[in-house]
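This report describes a structural model for a reader who has not met it before. Please keep the sequence and the three-dimensional view at hand while reading.

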Amino acid sequence: MFVHSLTEDQKTHFFDLAQQMIVADGMVAEPEVAYLDRLYWEAGFVGRAGLGDVDAAVDLTIFNDRRVRLVVAVELIIISIVDGIYHPKEAEFANSVVAQFGITPEEHAALCTIAENAAQALVDMRNLIG
Amino acid sequence: MFLHLLDDDQKRAFLALAGNMVTRDGRADAVELEYLKRLMIESGLGRDLGAIKSTDEVNPQTFPVRNQQCAVVAELLILSILDGSYDDGEAAFADSIVDAFGLSADDHETLCRIAEDAAGALSKMRGLVG
């Protein structure tokens, strides 16, 4: 929902993180992949989406201001809950990124609320159109 | 959020309806224009809002599939409530499109809920990142 505001390099690094989030719980759920596809569309990456090394550390310093860090964090949380399950491993991954970004507990709580609203809209739409 | 369900011609037809929705209440609010710009980016049809030809005439045959109809209505509803108000003119326009598509009252209610959740996420994120 928000990746359009990232630079091209930031988008590339974000998608590396997103792929790591998707495999964090040991399974790849269809709704997670569907949302990731949608983000590729939004980012203008359709047709050139790369597969990153999900074990390689992502350089987070490219996310160099608060707004960008909040965008990345909220998108990762949306991905993690869009399948209806917030697996402990996904939470651990999200919490690690949030901590490295220096996001406050209040901001983290706000991001979770935003992610829940967004994920609910996506789930309801999926249920509506089948 | 849902334009990936449309082909390019349908995206153009949708953007014409969106252009009309934005000015429906007699003013083009900044948050509505921001979302319209985001929709243009998501559509992949450019970034020039001036390229949008506004119309209130919807041809149901342009959107023959229910999925596409739901995507169009959901996006128009999101656009209409993003500024925090749902003007009578905006509601009448949305209702006319729902009627033209032959969507049920239940579908309409679900789409309103989807739009409220999505607009809530967008609005809260805007409040958080400034």
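The largest nonpolar core of this predicted model comprises 83 residues. Within this core, A:V74 and B:A74 are the residues with the most contacts. Setting aside residues up to four places away in sequence, A:V74 touches A:F2, A:L111, A:I114 and A:A115, together with B:M125 of the other chain.

**The contact between the chains**

Chain A contributes 22 residues to its contact with chain B, and chain B contributes 23. On the side of chain A that touches chain B, at least two residues each come from α2 (30-43), α3 (66-81) and α5 (105-129) of chain A. The greatest share is that of α5(A), which provides twelve residues. Sorted by class, this side of chain A holds twelve nonpolar, five polar and five charged residues.

From chain B, B:A121 offers a detailed view of contacts with chain A. This residue is part of helix α5 (residues 105-129) of chain B. B:A121 counts as buried because it has 26 C-beta neighbours inside 10 Å, and the cut-off for a buried residue is 20 or more. Apart from residues up to four places away in sequence, B:A121 touches A:M1, A:I114, A:N117, A:A118 and A:A121.

**Helices within the chains**

In chain A, the axes of helix α1 (residues 8-23) and α2(A) approach within 11 Å and cross at roughly 175 degrees. The pair is therefore roughly antiparallel, since angles over 145 degrees are classed in that way. On the α1(A) side the contact is formed by A:K11, A:A18 and A:I22, which meet A:E32, A:L36, A:L39 and A:A43 of α2(A). By class, the contact of these two helices has five nonpolar and two charged residues, with no polar residue.

In chain B, helix α3 (residues 66-81) has 16 residues, and at 1.5 Å a residue it should span 22 Å. The C-alpha atoms at its ends are 23 Å apart, which agrees with that expectation. Of the 16 residues of α3(B), 14 are buried, so the helix is largely enclosed by the rest of the structure.

**Three buried residues and their surroundings**

The table gives, for three residues, one partner in the chain, the separation in sequence and the C-alpha to C-alpha distance.

| Residue | Partner | Separation in sequence | C-alpha distance |
|---|---|---|---|
| A:D83 | A:P31 | 52 residues | 5.3 Å |
| A:V3 | A:F15 | twelve residues | 9.8 Å |
| B:K11 | B:I41 | 30 residues | 11 Å |

A:D83 sits in the loop between α3 and α4 (88-101) of chain A. With 22 other C-beta atoms within 10 Å, A:D83 is buried. Beyond residues up to four places away in sequence, A:D83 touches A:A29, A:P31 and A:E32. One of these, A:E32, also takes part in the contact of α2(A) with α1(A).

A:V3 belongs to the segment before α1 of chain A. It is buried, having 21 other C-beta atoms within 10 Å. Leaving out neighbours within four places in sequence, A:V3 is in contact with A:K11, A:F14, A:L39, A:E42, A:A43, A:V71 and A:E75. Among them, A:K11, A:L39 and A:A43 also appear where α1(A) meets α2(A).

B:K11 is located in helix α1 (residues 8-22) of chain B. Is B:K11 buried or exposed? It is buried, as 22 other C-beta atoms lie within 10 Å. Its contacts, neighbours within four places in sequence excluded, are with B:L3, B:L6, B:S43 and B:L45.

Notes
Residues are numbered from 1 along each chain as its sequence is written. Chains are lettered from A and ligands numbered from 1 in the order in which they are written. This is a predicted model: local features need pLDDT of at least 70, side-chain atom pairs count only at pLDDT 80 or more; totals for chains, interfaces and linings use all residues. Two residues are in contact if their C-beta atoms, placed from the backbone, lie within 7 Å. Helices (H or I, at least four residues) and strands (E, at least two) are DSSP runs, numbered from the N terminus. Ala, Val, Leu, Ile, Met, Phe, Trp, Tyr, Cys and Pro count as nonpolar, Asp, Glu, Lys and Arg as charged, and the others, Gly among them, as polar. The expected span of a helix is 1.5 Å times one less than its number of residues. A residue is buried if 20 or more other C-beta atoms lie within 10 Å of its own, exposed if 12 or fewer, and partly exposed in between; C-beta atoms are placed from the backbone. Axes are lines fitted to C-alpha atoms, for helices over the stretch in contact, and angles run from 0 to 180 degrees between N-to-C directions. Angles under 35 degrees count as roughly parallel, over 145 as roughly antiparallel, 65 to 115 as roughly perpendicular and the rest as oblique. A nonpolar core is a set of buried Ala, Val, Leu, Ile, Met, Phe, Trp, Tyr and Cys residues joined through C-beta atoms within 7 Å.
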